[in-house]
Amino acid sequence: MVVDAADIQRVAVLGAGNMGHGITEVVALAGYDVTMRDIEQDFIEDGYESIEWSLQKLDEKGRLDESPEDVLDRIDITTDLEEAVSDVDLVIEAAPEQLDLKRDIFSDLDDYTPADAILASNTSSLSITKIAEATERPESVVGMHFFNPPVKMDLVEVIYGEETSDETAEATYEFVESIDKTPIYVRKDVNGFVVNSVLGPFMDEPAWMVSNNESTIRQADAAMVHERGYPMGPFELADLTGIDVGYHVRKEAGKPVPPIMEEKVEKEELGQKTGKGYYDYEEGEGADYEPEDADDFDTLRVEARIVNEAAKLIGDDVATPEAIDTGLKLGAGFPEGPCTRADKIGLDRILAKLEDLYEETGEDRFEPADYLVELVEEGKTGKDAGEGFYEYGGSEGPGDYRTIDYELSEDGLLEVTLDRPERLNALNNDMMDAIVDLLNSVDTEEVRAVTFEGAGDRAFCAGADVTGFADIEPAKRAEPTEVFQVVDEFSRPTVAKVDGYCLGGGFELALACDLRVATEDSKFGFPEIDLGLLPGGGGTQRALRMAGEARAKELVFRGEHISAERAADWGLINRAVPADEYEDTCAEFVDDLVSGPPVALRHAKRVMNEGADEDLDAGLQMESQAFALLLTTEDAMEGAAAFQADREPEFEGK
Ligand code: NAD
C-alpha cells in the first residue's frame, strides 16, 4: 500500500479536458512528474496548449518560481493508457462524467497500475463506491474532487467510497496539501458530496419560491447578494453554470425539480451558453437586478434549508462543521461558512423556520434534520448559547489558524504573520476570517500592540486571492471588508512591517494599521483597476485621507506600483529604510508602543481615528473629553511621578 504522500512521486491524469489539463498543471507546479493521457492526440495537444498558456499568464504575473519550461518539462503526454499509468503512484481520472466509462477505465487501471497505486476519480456526482467496484482493490479507490478551474480554486474534496481505506484517504489528503490546495474529508459517498449538497438549496429553494409565485428572480438574486453577501444570486449562478446541469443532477438524484427549472430546460433556455436563461444575455442586459429589488425576500427560508443540509451531513458523519464551512467558502465562495453563520442566526430560529414551512407545505425538503433538532433540544442553539455547531469557550481565546501564525509575547506584543508565502501571502477568505477571529478573541488586557508581517522574503501581502464561484467576473464578488474594519478599530496600536510586495488588499491591510515601516525595496500599489475593479477594503478612502486627492487618484486610477521612498514621501508609510536597518527601526517603533501607557494609547487612537471624519470642533471636543478622562488614570500619575523622579515609567494600563 501507498501509506503517505511522501511515497507519491509519479502521477498520471486521465483526460486532458477542462479539468484534466488544469489538474495536470497544478500537480506539475507542485514539483511532481505527471503524465496526461487522453484518447486522441488532438485532445491532448489542446490540453497541453492550455497549460502552456496558463503557465505563461502565471509567469507574467510573477507567480512562478521557475520558468514555464521547467514546469512543462515535468509533464509527459500520451494516448497510451498502459504507458501513462504503468509506473505511477497516483492516478487522477478526469474523463467524462459517465459511470460505465469510468468503470471501464478503473477496470483497466486495475490491470495496468502498480499494486500499491492510489486510484482517484475527479467525478462530481457519481458514486465512488460504484466506480471502485470495477476493480479488485476498492480500498485503493478514492474521490478527489477538484473545482473548476483547478489552478485557481483552492478546495479539493477527498471522498471515501464504502471500501476506501483510511491509508488511501489520508495519503490523498496529504497529497492535496502538498500541491498547495486545501483538502476536506467527505467521509461517506453521498450524492453531491459536501459542497454541491449544501449548495443545492441555495439554488433550488429560490427556484421553488419563484415557481410558486412567492418571489421574483431579481428579488431573490438581489436579496441573496446585497443582503446576505453571497457573490452571486442563485439564478445568476444557474445561468452561469447551465440550468441543464443542475436539472440533470437533481433528476439523477431522484429529487423533485422546481417547475421553473423544468420550463427553462424544455425551452432550451439554459443560461449564458444559449444566450438566454433566467436572464436575457443577448437582447437584455443579463443579470440586471439592483439592490432595491431585494424587497422583503425570505432569505432565512433559503439559509434554513442550507443549514438543514449541513446538519444532515454532520449528523450522518459525512463531514464536520469545519469541513463544511471550509468547503463552502473555498468551493462556492460563500461569504462565511454555513455552520458559523447558523450559529450566529440561532439554530432555534432556523429550526422554527423549517418546522413552520414543513407544517404549512408538507414538503419533505423542509423536514428538519435529526441532528439540528437534537442540538436545539440540548440547548445548543448557537453562539449566544455558548455552543451550537461549534463550541464557543469565551475564555479559551483564539485557536490555531491555517493561514496566519501568531505569537503573544510576555510583554504584550502580538505578532501576526500572514502565512501563505507560496501565494505571496495573498489574503483569502480563510486568512481574513482568521485575523478577525484572532483580534476578536484575543484578551486585549494582555495585548499592548500588534504587528503584521508577511511570511517568506518576497511579500507583505500581494493582494486578495478571493476564490469564489468558478469563473465569475471578479466584479461580482462580494468585497470583503470586515477584516480592515476590525484591524482599524482594534483597541491597541497596530504596525504593518512591510518587506516586499504590499499590493491591493495587502496594501489596504497595511493602511488599516496605525503605523507602517517598510524596507526601501518594498513596492506598494493598487492593481485593482487593471481587473476592472477598485480597492474595496477601504483603500480609496484611506489613501485619499493620507496622501491627498491627487496622489491617491494617481495610485488608484493608474494601478502602478510605487517605491517605498515615494510611499513615505506621500505620507502613506512612516519610514522607508535600508534592509539592514529595517528590524531595528521596527523594534524601536514597537518598543515605544509596548511600553507606552495602554489607556492613553487606546484613547489617542480612538480620537484620532474618529476625529479624522469629523469637523475640527467635534474632533477637539472628543480630544478634551479623552484628556480629562486620562488625567484620572493611575498611568497618568505614574507618568508624572516617573518624570519627577527622572526614571522610566511603568504603565499598567489602569
Ligand atoms: P471534458 O469533457 O472537458 O474532458 C474530458 C476529457 O476526457 C475529454 O478530453 C475526453 O476526450 C477525455 N476522455 C474520454 N475518455 C477517456 C479515457 N478513457 N481516458 C482518458 N481520457 C478520456 O470534461 P471535464 O469538465 O474536464 O470533466 C471531467 C471530469 O471532472 C468529470 O467527471 C466531471 O464530472 C468532473 N468535474 C468537472 C468539473 C467542471 O466544472 N467541469 C468540476 C469538477 C469535476
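**Fold, burial and helix α8**

User: What share of contacts in the protein chain between residues at least 6 apart in sequence joins residues at least 24 apart?
Analyst: Counting a contact as heavy atoms within 4.5 Å, 69% of the contacts between residues at least 6 apart in the protein chain join residues at least 24 apart. This is a predicted model, in which local features need pLDDT of at least 70 and side-chain atom pairs count only at pLDDT 80 or more, while totals for chains, interfaces and linings use all residues. Residues are numbered from 1 along each chain as its sequence is written, and side-chain values use heavy atoms, with hydrogens and water left out.

User: Why is the protein chain called as compact as a globular protein of its length?
Analyst: The protein chain has 27 helices (DSSP runs of H or I, at least four residues) and 18 strands (runs of E, at least two), numbered from the N terminus. Its radius of gyration, taken over C-alpha atoms, is 27 Å, close to the 26 Å that the globule rule (2.2 Å times the number of residues to the power 0.38) gives for 654 residues, so the chain is as compact as a globular protein of that length.

User: What makes α8 count as largely enclosed?
Analyst: Buried means under 20% relative accessible area (1.4 Å probe, protein chains only), and 15 of the 17 residues of α8 meet that cut-off, so the helix is largely enclosed by the rest of the structure. Across the protein chain, 52% of the 654 residues count as buried.

User: How do you know what span to expect of α8?
Analyst: The expected span is 1.5 Å times one less than the number of residues; for α8 (residues 195–211) this is 24 Å, and the helix reaches 25 Å from its first C-alpha to its last, which is close. Asn-213, with a positive phi near 60 degrees, follows α8.

How values were computed. Buried means under 20% relative accessible area, exposed over 50%, partly exposed in between (1.4 Å probe, protein chains only).
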